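Visitor: I am new to this structure. Please show me how to read it.

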Amino acid sequence: MFVDISEILMQKGGQTSFNLSADILPKDYKPNINEFLSPVKVEGTVSNTDGKFSLTAKGNVKALLSCNRCLKPVKYDIAFDIEEVYTNTGSEDEAETFTGSIIDISPVVRRSILFSLPMKVVCSEDCKGLCPVCGKDLNEGECGCDTSYINPKFESLRSLFKCDEEV
Ligand SMILES: [Zn+2]
Ligand SMILES: [Zn+2]
């Protein structure tokens, strides 16, 4: 996602606004996100403050996450805020750099999306999860397994399945 700031590049105190929308692939967001259900929208402004460029923006995207207990897909609206300072002189330690008159905000958008994900997502507060022995979805009924014994082989298969799952 690119913000063109050529308008304010040489104009101290100047401000420009942008409104971007981009389709992104879930590839870089796995296993946290299975799929994106909408484009990522980012809207904000960039101000030229003494030759530094302060970017303030808000963004949102709808995504499909996995229930932490039963792995069922769960829709989740991700909303995020961005505050970032950019410089094209490379002299600021705290700032991101850019060259020319275009700022690529993709890295900060990616960070913001990952940062805004919930620690835990469940399909429903009383989701019973999967049986740790046979893998049956316990929301669909009891399987009768003795859950005091947990098969470590199945546990590792389950985490593999979670990472490689294609939707
Ligand atoms: Zn669930
Ligand atoms: Zn079972």
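Visitor: How much area does the protein chain expose, and what share do carbon and sulfur atoms supply?

Guide: Accessible areas come from the Shrake-Rupley method with a 1.4 Å probe; for residues, only the protein chains shown count as cover. Here the protein chain exposes about 10,300 Å², and 51% of it comes from carbon and sulfur atoms. This is a predicted model: local features need pLDDT of at least 70, side-chain atom pairs need 80 or more, and totals for chains, interfaces and linings use all residues. Residues are numbered from 1 along each chain as its sequence is written, chains are lettered from A and ligands numbered from 1 in written order, and side-chain values use heavy atoms, without hydrogens and water.

Visitor: What order do the elements follow?

Guide: Helices (H or I, at least four residues) and strands (E, at least two) are DSSP runs, numbered from the N terminus. The order here is β-β-β-β-β-β-β-β-α-α.

Visitor: How many salt bridges does the structure hold?

Guide: A salt bridge puts a side-chain nitrogen of Lys or Arg within 4 Å of a carboxyl oxygen of Asp or Glu. The structure holds six. One of them joins Asp 81 and Lys 58, with the closest N and O atoms 2.9 Å apart. Asp 81 lies in strand β6 and Lys 58 in strand β5, so the pair ties together parts 23 residues apart in sequence.

Visitor: Which residues does the network of salt bridges that share partners join?

Guide: Arg 111 bridges to Glu 84 at 3.2 Å. Arg 111 also meets Glu 96, at 3.7 Å, N to O. Shared partners join Glu 84, Glu 96 and Arg 111 into one network.
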